[in-house]
Amino acid sequence: MFGDVTGKKLLEIGCGAGSSLLYQGERGAGELWGLDLSEKQIEKTEKKLAEKGFSAKLICAPMEEECGLPKDYFDYVYSIYGIGWTTDLVGTFKKIASYLKQNGSFIFSWSHPIHKCVAYEEGVLTFKKCYFDESWYSVPLEDGMISLSDRKMSTYINALTKAGFMIEEMLEESDEDMIEADKESDFAKKAKMLPVTFVIKARKL
């Protein structure tokens, strides 16, 4: 979905331990930026990049807040399994739109909503949770707890349009390597029948 990133300015939301920023650096990205809530992850990213001769401008802050990122600056903003953690989806998408240049791209992935609703039991897929239930619940994260909502696909799409994005491409997939690694597990069997992940590429209008 990225194409040629040579010389481009990239920002990752939820940069984690820095693996994807390193990947983009090795592909010739012009500027690397990362945002993450965790100081530990920021430190890991900085170390990982330095070991390979790269550097990035890293900011430790929640994605929902103003954090000093430049406006109308980036060619790409992306997030790998990070966006779903936001407590303010529309607000976060509007902030991301403000960081992008006109016609800049926003690419993100998250767990597919249907995957959370269905269980695989003795060869049968069974609904265990209502797809329409977007209520908040708490999950552990590092040394604390964080709130999470299993949002519907339409919630993500409508939030993107409200923030001024046009969707260009969407994928619904399960990772083949993951399935093959443990193909006898119930998780892998379910992943063969339902998408585990969705990925959206949207353009700032």
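**Exercise 1. Find what share of the contacts in the protein with a separation of 6 or more comes from residues 24 or more positions apart.**

Solution. Begin with the term itself: a contact means heavy atoms within 4.5 Å. Among the contacts with a separation of 6 or more, 66% are accounted for by residues 24 or more positions apart. Before going on, note that this is a predicted model, in which local features need pLDDT of at least 70 and side-chain atom pairs count only at pLDDT 80 or more, while totals for chains, interfaces and linings use all residues. Residues are numbered from 1 along each chain as its sequence is written, and side-chain values use heavy atoms, with hydrogens and water left out.

**Exercise 2. Describe the overall make-up of the protein, and explain why it is as compact as a globular protein of its length.**

Solution. First, take the elements: the protein contains seven helices and eleven strands, where helices (H or I, at least four residues) and strands (E, at least two) are DSSP runs numbered from the N terminus. Its radius of gyration is 18 Å, close to the 17 Å that the globule rule gives for 205 residues, so the protein is as compact as a globular protein of that length. Here the radius of gyration is taken over C-alpha atoms, and the globule rule is 2.2 Å times the number of residues to the power 0.38. Next, the C-alpha trace spans about 50 × 40 × 35 Å along the principal axes. Finally, 45% of the 205 residues are buried, a word that means under 20% relative accessible area, whereas exposed means over 50% and partly exposed lies in between (1.4 Å probe, protein chains only).

**Exercise 3. Decide how many disulfides the protein has, and give reasons from Cys60 and Cys117.**

Solution. A disulfide is a pair of cysteine sulfur atoms within 2.5 Å. For Cys60, the closest cysteine sulfur is that of Cys15, which at 9.0 Å is too far for a bond. For Cys117, the closest cysteine sulfur belongs to Cys130, and the 7.2 Å between them is likewise too far. By this rule the count is zero disulfides. As for their surroundings, Cys60 counts as partly exposed because its relative accessibility is 39%, while Cys117 is buried, with a relative accessible area of 2%.

**Exercise 4. Explain why helix 3 is said to be largely enclosed by the rest of the structure, and name the elements against which its buried residues pack.**

Solution. Helix 3 covers residues 89-99, and nine of its eleven residues are buried, so the helix is largely enclosed by the rest of the structure. Among these buried residues are Leu89, Phe93, Ile96 and Tyr99, and Lys95 also belongs to the set. The buried residues of helix 3 pack against strand 1 (9-13), strand 4 (74-80), strand 5, helix 5 (153-162), strand 10 (165-173) and strand 11 (197-204).

**Exercise 5. Compare where Ser105 and Ser20 lie, and state which residues each of them contacts.**

Solution. Ser105 is part of strand 5, which runs over residues 100-111, and its relative accessibility of 9% makes it buried. Leaving aside neighbours within four places in sequence, Ser105 is in contact with Asp75, Tyr76, Val77, Leu100, Lys201 and Ala202. Ser20, for its part, belongs to helix 1 (residues 19-26) and is buried at 13% relative accessibility. With neighbours within four places in sequence again left aside, the contacts of Ser20 are Glu12, Tyr78 and Ile80. Ser20 and Thr45 are 25 residues apart in sequence, and their C-alpha atoms are 9.6 Å apart in space.

**Exercise 6. Locate Asp72 and Tyr81, two residues other than glycine with positive phi, and say whether each is exposed or partly exposed.**

Solution. Asp72, with phi near 50°, is found in the loop between strand 3 (57-60) and strand 4, and at 51% relative accessibility Asp72 counts as exposed. Tyr81, with phi near 55°, sits in the loop between strand 4 and helix 3, and at 35% relative accessibility Tyr81 counts as partly exposed. Not counting residues up to four places away in sequence, Tyr81 touches Ser109, Trp110, Ser111, Val196 and Thr197.
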